[in-house]
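These are my notebook entries on one protein model. I set down what I looked up, item by item.

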Amino acid sequence: MKIICIGRNYAEHIRELNNEVPDEPVIFIKPDSALLRNNAPFFLPEFSNDVHHEVELVIKINKLGKHIPLSFARDYYSEIALGIDFTARDLQTKLKEKSLPWEKAKGFDHSAVISKFMPLDHFGFSQKDSIKSLNFSLQKNNVTVQQGNTDFMINNIDEIISHVSQYFTLKIGDYIFTGTPAGVGKVSPNDHLTGFIEDTEMFSFGVK
Ligand code: MG
């Protein structure tokens with residue numbers, strides 16, 4: 001199982017971090033040791049003083065595929081979850097300044113929160129429908145801090161699957177994080193994070 005993540009996929013978020021709009025999807029990978037599930041608490045790592053939440057829709061691959069044409073991409077997933085791509089922003093900034101890989105800032109233990117998965121038909125999409133106008137959000141201590149809608153993705157989910165599969169064989173059970181909207185911010189001890197897809201609560205857990 002691998003965890004593939006897409007960066008810089010929402011224009012407003014690119015602006016808030018002063019990054020350039022990429023001309024093709026930005027891809028990075030987290031190891032399986034990054035997974036955090038079942039509303040388990042997130043323990044802040046000692047090497048960072050600025051860990052940010054990035055709420056993202058997560059797709060689970062349900063079919064083996066390589067070089068997947070865009071028109072077939074929808075056949076490769078049927079469930080969706082909500083996740084957090086926890087990011088040690090201070091460390092990431094240092095690594096970016098030196099043009100080094102992001103792994104330590106993005107792939108550390110428990111940096112990939114993934115909720116339960118829900119079938120897409122729960123949100124009104126048949127297996128033939130591409131995902132459109134799907135809302136998701138994150139609350140920190142009962143205040144909404146991030147709101148996203150799939151219509152604002154630079155590369156939609158089918159485009160992501162097709163592009164990623166040109167480089168990495170997708171296997172059953174792989175996860176793809178699809179990028180975060182604006183509103184990323186620091187988490188602190190005793191914060192509580194609750195995530196929603198539309199009105200369905202997907203996760204709720206504490207920061208320690
Ligand atoms: Mg992210």
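**Entry 1. The cavity**

Which element supplies the largest share of the lining of the largest cavity? I found that helix 2 does, with three residues. I note at the outset that the model is a predicted one.

I then asked how many cavities of 30 Å³ or more the structure holds, and the search gave one. For the largest cavity I recorded a volume of about 120 Å³. Its lining is made up of 16 residues, and those nearest the centre are Gly 7, Arg 8, His 13, Glu 54 and Lys 106. I looked up which elements supply at least two residues each of this lining, and these include strand 1 (3-7) and helix 2 (89-97). By character, I sorted the lining into four nonpolar, six polar and six charged residues.

**Entry 2. The magnesium ion**

Glu 54, listed above among the residues nearest the cavity centre, came up again when I turned to the metal. Which residues are the protein donors of the magnesium ion? I listed Glu 54 (OE), Glu 56 (OE) and Asp 85 (OD), at 2.0 to 2.1 Å from the ion. Along the sequence, I wrote the spacing of these donor residues as E-x1-E-x28-D.

I checked whether the two glutamates are buried or exposed, taking under 20% relative accessible area as buried. Glu 54 has a relative accessibility of 4%, so I entered this residue as buried. Glu 56 has a relative accessible area of 1% and is therefore buried as well.

**Entry 3. Salt bridges**

Side chains of opposite charge can pair when their charged atoms come close. How many salt bridges does a search of the whole structure find? I recorded seven.

I began with Asp 174 and Lys 2, whose side chains form a salt bridge with an N to O distance of 2.6 Å. Asp 174 sits in the loop between helix 4 (157-164) and strand 12 (175-177), while Lys 2 sits in the segment before strand 1, so this pair ties together parts 172 residues apart in sequence. I noted both Asp 174 and Lys 2 as buried.

Next I took Glu 54 and Arg 89, which meet through their side chains in a salt bridge of 2.8 Å, N to O. This pair also links distant parts of the chain, 35 residues apart: Glu 54 is in the loop between strand 4 (51-53) and strand 5 (55-61), and Arg 89 is in helix 2. Both Glu 54 and Arg 89 are buried. I placed this pair in a network of salt bridges that links Lys 30, Glu 54, Asp 85, Arg 89 and Lys 106. Two members of the network, Glu 54 and Asp 85, are thus among the donors of the magnesium ion.

The third pair I looked up was Lys 60 with Glu 79, a salt bridge in which the closest N and O atoms are 3.4 Å apart. Lys 60 belongs to strand 5 and Glu 79 to strand 6 (residues 77-85), so the pair ties together parts 19 residues apart in sequence. I found Lys 60 partly exposed, with a relative accessible area of 24%. Glu 79, at 26% relative accessibility, is likewise counted as partly exposed.

**Entry 4. Strand pairing**

Strands of a sheet pair through backbone hydrogen bonds, either parallel or antiparallel. I traced an open sheet of three strands with the order 7-4-13 and antiparallel pairing. Its edges are strand 7 (87-88) and strand 13 (185-186); each has a single partner strand, so one side of each is left without a neighbour in the sheet. Strands 4 and 7 pair over two bridges, and I noted Val 51 with Ala 88 of strand 7 as its bridge partner. Thr 87 is also in strand 7 and is buried, with a relative accessible area of 0%.

I then followed strand 10 (residues 135-140). With strand 11 (residues 143-149), strand 10 pairs in the antiparallel sense over six bridges, and Leu 138 stands opposite Gln 146. What do these two strands form? I entered a hairpin with two residues between the strands, where Asn 141 in the turn has a positive phi of about 55 degrees. Strand 10 also pairs with strand 14 (residues 192-197), antiparallel over five bridges; there Gln 139 stands opposite Thr 194.

As a last entry, I looked up the separation of the C-alpha atoms of Thr 87 and Asn 141: 19 Å, for residues 54 apart along the chain.

How values were computed
Residues numbered from 1 in each chain as written. Predicted model: local features only at pLDDT ≥ 70, side-chain atom pairs only at ≥ 80, totals over all residues. Heavy atoms only, no water. Donors = N, O, S within 2.8 Å, 3.2 Å for Na, K, Ca; no water. Buried < 20%, exposed > 50% of the residue type's maximum accessible area, 1.4 Å probe, protein only. 1 Å grid on protein atoms, 1.4 Å probe; cavity = no way out; pocket = protein on both sides within 12 Å on 5 of 7 lines; lining within 4 Å. Points joined across faces, edges and corners; volume = space filled by probe spheres on them. Helix = DSSP H or I, 4+ residues; strand = E, 2+ residues; numbered from the N terminus. Nonpolar A, V, L, I, M, F, W, Y, C, P; charged D, E, K, R; others polar. Salt bridge = Lys/Arg side-chain N within 4 Å of Asp/Glu carboxyl O. Pairing = 2+ DSSP bridges.
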